[in-house]
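Here are a few exercises to work through with the model open beside you. Try each task on your own, then compare notes with the solution below it.

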Amino acid sequence: MTTDISTYRFNHTMIRVKDPEASLKFYQEILGMKLINKVDFAESKFTLYFLAYCHEQLPETREEKNKYIFSREAVLELTHNWGTQDDPNFQYHNGNKDPRGFGHIAISVDNIEAACARFEKCGVNFIKKLQDGKMNNIAFISDPDGYWVEIVACGVDVTCASKHE
């Protein structure tokens with residue numbers, strides 16, 4: 001049996017979310033992603049939401065959706081464990097507080113200044129604005145669960161300004 005590593009692709013990353021309505025609104029309305037599929041696991045009491053940037057017609061059947069999701073790159077999977085939205089004290093660790101772990105996802109945009117102005121107008125929480133710090137060519141916003149989203153301009157080299165902590 002063999003495998004060809006040149007065919008491997010980064011498919012998706014998963015983050016857990018407290019309130020799927022708030023998270024879906026953020027990722028769809030603020031960041032412009034499309035919901036590809038929603039899968040409920042009633043016996044285990046959780047739901048998976050698969051989102052991505054899609055510029056083509058989305059598949060319609062569950063089988064076609066699964067094939068599409070697992071054969072493409074750059075899918076975000078949101079996992080909602082039922083009931084977390086009803087607990088006002090519940091929160092997930094975002095990876096950027098001690099102990100540090102997961103850092104962020106990144107989204108590239110066509111015009112970073114305009115995108116950041118739009119995020120500000122929409123009331124999005126900024127971790128780092130463009131003018132903050134040494135790296136004035138990136139920004140960080142946070143989603144409803146406090147996960148960081150790095151905003152970069154398409155084609156910009158962010159490695160020359162500074163290194164990540």
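**Exercise 1. Find where Lys-18 sits along the chain, decide whether Lys-18 is buried or exposed, and list the residues in contact with Lys-18.**

Start with the address: Lys-18 belongs to the loop between β1 and α1, the helix that covers 20-30. Bear in mind that this is a predicted model. Next comes accessibility. Buried means under 20% relative accessible area. Lys-18 comes out at 17%, so this lysine counts as buried. Now look for its company, skipping neighbours within four places in sequence: the contacts are His-80, Thr-84, Gln-85, Asp-87, Pro-88, Asn-89, Phe-90, Tyr-92 and Asp-145. For a last step, jump to Gly-95, which is 77 residues away along the chain; the two C-alpha atoms are 15 Å apart.

**Exercise 2. Do the same for Met-33: which loop holds Met-33, is Met-33 buried or exposed, and what does Met-33 touch?**

Met-33 sits in the loop between α1 and β2, a strand running over 34-41. Its relative accessibility is 7%, so Met-33 counts as buried. Leave out residues up to four places away in sequence, and Met-33 touches Tyr-27, Gln-28, Leu-51, Ala-52, Tyr-53 and Leu-76. Gly-95 can serve as a reference point here too: Met-33 and Gly-95 are 62 residues apart along the chain, with 23 Å between their C-alpha atoms.

**Exercise 3. Track down the salt bridges: how many are there, and which parts of the chain do they link?**

A reminder before the hunt: side chains of opposite charge can pair when their charged atoms come close. The cut-off to apply is a Lys or Arg side-chain nitrogen within 4 Å of a carboxyl oxygen of Asp or Glu. The count comes to three salt bridges. Take them one by one.

- *Arg-9 and Glu-73.* These side chains meet with an N to O distance of 3.4 Å. The pair links distant parts of the chain, 64 residues apart: Arg-9 is in the segment before β1 (12-17), and Glu-73 is in the loop between α2 (62-71) and β4 (75-81). Arg-9 has a relative accessibility of 52% and so counts as exposed, while Glu-73, at 42%, is partly exposed.
- *Arg-72 and Glu-56.* Here N and O are 3.9 Å apart. Arg-72 lies in the loop between α2 and β4, and Glu-56 in the loop between β3 (46-52) and α2, so this bridge ties together parts 16 residues apart in sequence. Arg-72 is buried at 18% relative accessible area, whereas Glu-56 is partly exposed at 41%.
- *Glu-120 and Lys-129.* The closest N and O atoms of this pair are 2.9 Å apart. Both ends are partly exposed: Glu-120 has a relative accessibility of 44%, and Lys-129 has 25%.

**Exercise 4. Classify the ring pair formed by Phe-50 and Phe-70, and explain why it gets that label.**

Two numbers do the job: a pair of aromatic rings is described by the distance of the centres and the angle of the planes. The structure holds six aromatic pairs. In the one formed by Phe-50 and Phe-70, the ring centres are 5.8 Å apart and the planes stand at 75°, so the pair is edge-to-face. The pair links distant parts of the chain, with Phe-50 in strand β3 and Phe-70 in helix α2, 20 residues apart. Check the surroundings as well: Phe-50 is buried, with a relative accessible area of 4%, but Phe-70 is partly exposed at 47%.

**Exercise 5. Zoom out: how many helices and strands does the protein have, and in what order do the elements run?**

Counting gives three helices and eight strands. From the N terminus on, the order reads β-α-β-β-α-β-β-α-β-β-β. Along its principal axes, the C-alpha trace spans about 45 × 45 × 35 Å.

Then see how the chain comes together. Of the contacts between residues at least 6 apart in sequence, 58% join residues at least 24 apart. Buried residues account for 40% of the 165 residues.

Finish with the surface and the charges. About 10,700 Å² is exposed, and carbon and sulfur atoms supply 50% of that area. The protein carries 19 positive and 24 negative charges, and the mean positions of the two sets are 2 Å apart.

Definitions and conventions. Residues are numbered from 1 along each chain as its sequence is written. This is a predicted model: local features need pLDDT of at least 70, side-chain atom pairs count only at pLDDT 80 or more; totals for chains, interfaces and linings use all residues. Side-chain values use heavy atoms; hydrogens and water are left out. Helices (H or I, at least four residues) and strands (E, at least two) are DSSP runs, numbered from the N terminus. Buried means under 20% relative accessible area, exposed over 50%, partly exposed in between (1.4 Å probe, protein chains only). Contact means heavy atoms within 4.5 Å. Accessible areas come from the Shrake-Rupley method with a 1.4 Å probe; for residues, only the protein chains shown count as cover. Lys and Arg count as positive and Asp and Glu as negative; His and the chain ends are not counted. The place of a charge is taken as NZ of Lys, CZ of Arg, CG of Asp or CD of Glu. Rings of Phe, Tyr and Trp (its six-membered ring) pair if their centres lie within 6.5 Å; planes under 30 degrees apart count as stacked, over 60 as edge-to-face and the rest as tilted.
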